[in-house]
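Work through the exercises below with the model in view. Each task is followed by a solution in steps.

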Amino acid sequence: MKFVEVLKAKTNDNPGTRTPIIAFLGDSVTQGCFEVYFKEGQLKTIFDSCQGYPERVKRIFSMLYPEAPISVINAAVNGSSAPAGYERLKRDVLAFKPDLLVVCFGLNDSNAEMEGLDIYKEALRNIFTTARQENIETIFMTPNMMNTDSSRISPGDPLEPLADLFAKRQTGGLFDAYMDAAREVCKEENVTLCDCYAIWKKMYECGVDTTKLLSNGLNHPIREMHEMFAWQLVHTILNN
């Protein structure tokens, strides 16, 4: 049953219908990570899941379907990749029997450069196939762009090497290749695509400084941009 039909059923019979459940499987962006900093030589992250797009999706549906309260399972892990997500799919997602699964990977997968593309694609196929076998509606959401330059980082800042690395991946075509690979797998597996990356690219082509829309000017969207992710997902769900 499509998630919209589950919401309708809950609206029509709140006490007699199970609470609809959305599960999110992803990395640090999905988990709700924002600014990063170094402390005692270690990279630390500020976590603010209430501002992340999974909670924003929940708030939007609470507004649209006030008589159908939903539950959100945020199964995202900071630093996770598609293969790691597949490894914990049974424990972190299937155990909760969600009605809808939203998958978002790619930022960390690109650490493996072009040599990791086939591994990335295979992991996505495994996730989609497993979800289909469990009769779980699935949406793949492409992530945000990474920074295109190091302009937001002060010279000599410990984050400068990361900014240079991410900018190289973004402007050199590597991350585009990963997103094209994800789109290819979605088409092959007949999985609904919510292409937020295409929106970021379009903004960039229209002259938007997308690096300013990233916390620290790196690869985590600022809090306000999670609203865009949330509304695009809701639009995709309602039109699926």
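**Exercise 1.** In which sense do strand β5 and strand β6 pair, and over how many bridges?

Solution. This is a predicted model, in which local features need pLDDT of at least 70 and side-chain atom pairs count only at pLDDT 80 or more, while totals for chains, interfaces and linings use all residues. Residues are numbered from 1 along each chain as its sequence is written, and side-chain values use heavy atoms, leaving out hydrogens and water.

Step 1. Locate the strands: β5 covers residues 100-104 and β6 covers residues 137-141. Strands (E, at least two residues) and helices (H or I, at least four) are DSSP runs, numbered from the N terminus.

Step 2. The pairing is parallel, over 4 bridges. Two strands count as paired if DSSP finds at least two bridges between them.

Step 3. Check residues: leucine 101 has threonine 138 of β6 as its bridge partner, and valine 103 stands opposite phenylalanine 140.

**Exercise 2.** Place β6 in its sheet and describe its surroundings.

Solution. Step 1. The open sheet has 5 strands in the order β4-β1-β5-β6-β7, with parallel pairing. Its edge strands, β4 (71-74) and β7 (192-194), each pair on one side only.

Step 2. β6 also pairs with β7, in the parallel sense and over 3 bridges. Here phenylalanine 140 has leucine 193 of β7 as its bridge partner.

Step 3. In a regular strand, side chains alternate between the two faces of the sheet. For β6, Glu137, Ile139 and Met141 lie on one side, Thr138 and Phe140 on the other, and all are buried (under 20% relative accessible area, with a 1.4 Å probe and protein chains only). Because 5 of the 5 residues of β6 are buried, the strand is largely enclosed by the rest of the structure.

**Exercise 3.** Which side chain of opposite charge is nearest to lysine 10, and how far away is it?

Solution. Step 1. Lysine 10 is found in helix α1 (residues 3-12).

Step 2. The nearest such side chain is aspartate 13, 7.7 Å away. Lys and Arg count as positive, Asp and Glu as negative; His and the chain ends are not counted.

Step 3. Lysine 10 is buried and has no salt bridge, a term that requires a side-chain nitrogen of Lys or Arg within 4 Å of a carboxyl oxygen of Asp or Glu.

Definitions and conventions
Buried < 20%, exposed > 50% of the residue type's maximum accessible area, 1.4 Å probe, protein only.
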